Structures are given as C-alpha cells and as structure tokens.
Amino acid sequence: MVNYIWVGMLVIGFVFAAINGTMNEVNEALFKAASDAVAICIGLMSVLVFWLGLMKIAEDAGLLAKLSKLFKPLISRLFPDVPSDHPAMGYILSNMTANMFGLGNAATPLGIKAMEQLKSLNGGKNEASRSMITFLAINTSCITIIPTTVIAIRIKYGAVNPTDIVLPTIVATVISMIGGILIDRFFYERRKRNGRG
C-alpha cells in the first residue's frame, strides 16, 4: 500500500511540474537531492562504523552482557510469556542495548530476529502475541542515551554543538518508553477483561 502512495505522489508531482512548466527545477532538485543523499550516507557511515566498533569492543569486554544482565529482571517482568533462557530474550536485550546507543541500523536485524523467535513461541501463528506487541511498543519508543545518527547529521551540517541534544533526547525517550509501556499494558488489561487476552 505504501508503495502505491509513493508512486502516486511522484506521478502527481511530475504532472504538476509539467503543467506549471517547472520540470527543469524538478530535475535540478532530483540531482541535488541524490548528491546530498550520497554525502550524508558517507558521513553517517563513518560515525556508525565508529560506534559499531565501540559496541564490538564493549561486547568483547563483556559490557553488553553485564548491561543485559542488569536489565534482565525488568525485561522478564515485561515479557512474562518468554522463558528467561529462550533466544528471544537475548535478542530483545541486544536490540534494546543497540537502541539505547542510538544504533537503529544495528538494532534492526536484532529486532527482526527477536520477532522471529517470539513468533516461534507463539506457535507460528500470524496473529501477534502479547510479547510481540509489547516488544514492538518498546522497540519503537526505546530509551536513547546517545542519539548517534542525529549527532552525525548535526556534525555533517555544521552544528555548533552537535551533542547538545543528548539530554533532551534522554528525557523525550524516557517519557515515550513509559508511555509506550503504559499504553501496551492498558490495552492488554482491556483485552483480558473482554476475554481475549
């Protein structure tokens, strides 16, 4: 469905430009945007490689394992249906840790693996389980301590102090995660009361 929306927007844009005689401006904007996209990707790549390297060092040093161990009691309460020794728990903890360091690109494969494991726990059904819904809510609203990608973009565009968004990011993501968990619990309790939990 989203693909049709994008195609529709492109077609409408080109038709509008053709009617108004602004196709030259559209062509210039396309090439400039493509050039900017490549420059931003190269800038982001360097920062992401740096942070992924730090994450690998932290993993080899046992820091990620300690962080996972620290959060395991909380995560076990959020996911009571998932056995503590199940691979899904490891993927969930790794995904949250990567998200905390603003490494969304690194967190995505871990999130997909977590969902696959949660689906297997759900008997392979196409309907989302309680744990899958909770994980989705937490994944999209996870606390971010270091917004790596945003800092990289701010550096690329010459921000005077690219890291001054760290504190507001922490506050905003803490609020969003608490909100996500509360909404998830509200709808879960409502479904349970209606006999569908």
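User: How far apart do the end C-alpha atoms of residues 133-153 lie, and what share of the span is helix?

Analyst: In this predicted model, the end C-alpha atoms of residues 133-153 lie 31 Å apart. Helix makes up 67% of the span and strand 0%. The UniProt annotation "transmembrane region", from an unreviewed entry, covers these residues, along with others including 6-23. For residues 6-23 the end C-alpha atoms are 19 Å apart, with 89% helix and 0% strand.

User: Why are helix 6 and helix 8 called roughly antiparallel?

Analyst: Helix 6 (residues 130-140) and helix 8 (residues 166-193) pack at an angle of about 155 degrees. Angles over 145 degrees count as roughly antiparallel, and the pair is therefore given that name. Their axes are 9 Å apart, and the crossing is right-handed.

User: Which residues meet where helix 6 packs on helix 8?

Analyst: From helix 6 come Arg130, Ile133, Thr134, Ala137 and Ile138. They meet Met177, Gly180, Ile181, Asp184, Arg185 and Tyr188 in helix 8.

User: What makes Thr144 buried or exposed?

Analyst: Thr144 has a relative accessible area of 14%. Buried means under 20%, so Thr144 is buried. Its place is in the loop between helix 6 and helix 7 (148-156). Leaving aside neighbours within four places in sequence, Thr144 is in contact with Asn99, Met100, Gly102, Thr169, Ile170 and Thr173. Of these, Asn99 and Met100 are among the buried residues of helix 4, and Gly102, just after helix 4, takes a positive phi of about 70 degrees.

User: How do you know that the length of helix 4 agrees with its number of residues?

Analyst: Helix 4 (residues 87-100) has 14 residues, and at 1.5 Å a residue they should span 20 Å. The end C-alpha atoms of helix 4 are 20 Å apart, which agrees.

User: Why is helix 4 called mostly covered?

Analyst: In helix 4, 10 of the 14 residues are buried, which means under 20% relative accessible area. Among them are Ala88, Met89, Ile92 and Leu93.

User: What makes Ser84 partly exposed?

Analyst: The relative accessible area of Ser84 is 43%. Buried means under 20% and exposed over 50%, with partly exposed in between, so Ser84 is partly exposed. Ser84 is found in the loop between helix 3 (63-78) and helix 4. Apart from neighbours within four places in sequence, Ser84 is in contact with Lys72 and Met89. The C-alpha atoms of Ser84 and Asn20, 64 residues apart along the chain, are separated by 62 Å.

How values were computed. Residues are numbered from 1 along each chain as its sequence is written. This is a predicted model: local features need pLDDT of at least 70, side-chain atom pairs count only at pLDDT 80 or more; totals for chains, interfaces and linings use all residues. Side-chain values use heavy atoms; hydrogens and water are left out. Helices (H or I, at least four residues) and strands (E, at least two) are DSSP runs, numbered from the N terminus. The expected span of a helix is 1.5 Å times one less than its number of residues. Buried means under 20% relative accessible area, exposed over 50%, partly exposed in between (1.4 Å probe, protein chains only). UniProt positions are given in the numbering used here, feature names are shortened, and annotations may be inferred rather than shown by experiment. Axes are lines fitted to C-alpha atoms, for helices over the stretch in contact, and angles run from 0 to 180 degrees between N-to-C directions. Angles under 35 degrees count as roughly parallel, over 145 as roughly antiparallel, 65 to 115 as roughly perpendicular and the rest as oblique. A crossing is left-handed if the near helix is turned anticlockwise from the far one by less than a right angle, and right-handed if clockwise. Contact means heavy atoms within 4.5 Å.
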